[in-house]
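This report goes through one protein chain, from selected residues and contacts to totals for the whole chain. The sequence and the structure are shown first.

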Amino acid sequence: MIKNFLDKIRPNFEEGGKLSAFRSVFEGMETFLMVPNTTSQVGVSIHDAIDSKRIMSFVVIALLPALLFGMFNIGYQNYQAAGVEAGFLTMFLYGFMVTLPKIVVSYAVGLGIEFVVAQWKHEEIQEGYLVTGLLIPMIVPVGCPLWMLAIAVAFSVIFAKEIYGGTGMNIFNPALVARAFLFFAYPGKMSGDSVWVSKESIFGLGNDLPDAFTMATPLGEAGSGAAVTSSFTDMVTGLMPGSIGETSVIAIAIGAAILLWTRIASWKTMVSTFIGGALAGFLFNVSGIDTTIAQMPWYEHLVTGGFCFGAVFMATDPVTSARTENGKYIYGFLIGALAITIRVLNPGYAEGMMLAILFMNMFAPLIDYFFVQSNINKRAKRAKLQ
């Protein structure tokens, strides 16, 4: 039925049709609903039972547990801080209404730019933003203004993606570029104690917080030298201040299981990131550096801030990460170690995962080059011996 309907309306979107200006939109929707029946006519292709749109769809599904928990946590933190009792549904609905506009703005701006570029290049809309559009709202502070989010999305899509040629060509993770842009362009809205709780009142749901109310994340407390008030249990469950989708280790673990089960994410990159972070945290624990964040137990480093979220959803990005099997170990290990190093040695920016991944994005091709060249040299030596 779907195929017959698409076949019927297709002439309207082809060249000469009255809706030809929206051809890229039609092709994008068609390939989203159905597996494409066209194949490459030139070049070398690898055929698989799953295409990139299905891969992106699975990643979105894997993100849902963290997203849904993040919505609840927004309401939970708000009502708890205000000292007002509220039921589960009330807290979730409040968080949903805070998060939904950010998701809408992210997709509207990002897909709008991708539509314009696709029309200009006479190509279909690329599917990469299906994931990026959800990731960006999940990694920004709760109090990030919508206009600021729109600017960051536009900057990310244009300068971190389309300028390189679109999906699959980008060097840096677009979602992290958006966050980096916000951090450096509007640091007051991305750090401090006042950005981790919503102060909006929505449809009577909301808040009785005073205007001067502030709320610090565990990493923010440790970075400033203060005692960490969140327990390890809170860090694992996610009942603590933080970005919308980054707080719950349990929800992120569910997403990780989905990505690993579907073989979309590499376990080598994921596991080596945690090993690198754990080792760096342990070394700082025994280093004698007498600061709160340096002496934070190594296992707490792994469950605070964006470490888990970055290790599962960002470091494993198939476009910007290392692609050689052995290279994935090196790539992930260095991300984890570098993230903890930035946290400890730069207390002004205790969240180091973003910078660690972006830094290693630059070196992923170099890591792959060395492993590929090593294999070439080994084969060349074997050929000479024969």
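## Report on the predicted model

W267 has a relative accessibility of 48%, so this residue counts as partly exposed. The model is a predicted one. The partner of W267 in an aromatic pair is Y329, which is also partly exposed, at a relative accessible area of 35%.

Across the chain the count of aromatic pairs comes to 19. The pair of W267 and Y329 is edge-to-face, with 6.2 Å from centre to centre and 75° between the planes. An angle over 60 degrees is what places a pair in the edge-to-face class. W267 belongs to helix α12 (residues 267–285) and Y329 to helix α15 (residues 325–345), so the pair ties together parts that lie 62 residues apart in sequence. Elsewhere, one aromatic cluster is formed by F69, F72, Y76, F88, F92 and F96.

**Helices α12 and α15**

Further residues of these two helices can be described in the same way. F333 lies in helix α15. With a relative accessible area of 30%, F333 is partly exposed, because values under 20% would be needed for a buried residue and values over 50% for an exposed one. Leaving out residues up to four places away in sequence, F333 touches S272, T273, I275, G276 and L279. V271 is found in helix α12 and is partly exposed, with a relative accessible area of 40%.

Just before α12 comes the loop between α11 (249–261) and α12, where R263 is found. R263 is exposed, at a relative accessible area of 76%. The phi angle of R263 is near 60°, a positive value in a residue other than glycine.

**Pairs of residues separated in sequence**

G220 is found in helix α9 (residues 218–223) and counts as partly exposed, at 34% relative accessibility. The table sets the C-alpha distance from G220 to I293 beside those of two other pairs.

| Pair | Separation in sequence | C-alpha to C-alpha distance |
|---|---|---|
| G220 and I293 | 73 residues | 9.4 Å |
| F333 and A280 | 53 residues | 9.8 Å |
| V271 and A311 | 40 residues | 8.2 Å |

For the chain as a whole, contacts between residues at least 6 apart in sequence can be sorted by separation: 69% of these contacts join residues at least 24 apart.

**The nonpolar core and helix α3**

Which residues have the most contacts inside the largest nonpolar core? They are L63, F309 and F313, in a core of 91 residues. Helix α3 (residues 52–82) gives the most to this core, with 12 residues. If neighbours within four places in sequence are left aside, L63 is in contact with V131, L134, L135, M138, F309 and F313. Thus F309 and F313 appear both among the residues with the most contacts inside the core and among the contacts of L63. As a general point, nonpolar side chains tend to be buried together in soluble globular proteins.

Q77 also has its place in helix α3. Q77 is buried, with a relative accessible area of 5%, and this value falls under the 20% limit for buried residues. A polar atom of the Q77 side chain lies 3.5 Å from the backbone oxygen of L239.

**Helix α7**

Helix α7 covers residues 174–185, and its 12 residues should span 16 Å at 1.5 Å a residue. The end C-alpha atoms of α7 are 16 Å apart, which agrees with that expectation. The expected span is found by multiplying 1.5 Å by one less than the number of residues.

How many of the 12 residues of α7 are buried? The number is 10, and the helix is mostly covered. The buried residues are P174, A175, L176, V177, A178, R179, A180, F181, L182 and F183. At the N-terminal end of α7, N173 acts as a cap: one of its side-chain oxygens lies 3.0 Å from the backbone nitrogen of A175.

**Totals for the chain**

The secondary structure comes to 16 helices and 0 strands. The chain has 386 residues, of which 48% count as buried. Its accessible surface comes to about 19,000 Å², and 66% of that area belongs to carbon and sulfur atoms.

Note on methods. Residues numbered from 1 in each chain as written. Predicted model: local features only at pLDDT ≥ 70, side-chain atom pairs only at ≥ 80, totals over all residues. Heavy atoms only, no water. Helix = DSSP H or I, 4+ residues; strand = E, 2+ residues; numbered from the N terminus. Buried < 20%, exposed > 50% of the residue type's maximum accessible area, 1.4 Å probe, protein only. Polar contact = N/O pair within 3.5 Å; in protein donor to acceptor, adjacent residues only side chain to side chain. Core = buried A, V, L, I, M, F, W, Y, C linked by side-chain atoms within 4.5 Å. Contact = heavy atoms within 4.5 Å. Phe/Tyr/Trp six-rings, centres within 6.5 Å; stacked < 30°, edge-to-face > 60°. Areas by Shrake-Rupley, 256 points an atom, 1.4 Å probe, with all protein chains shown as cover.
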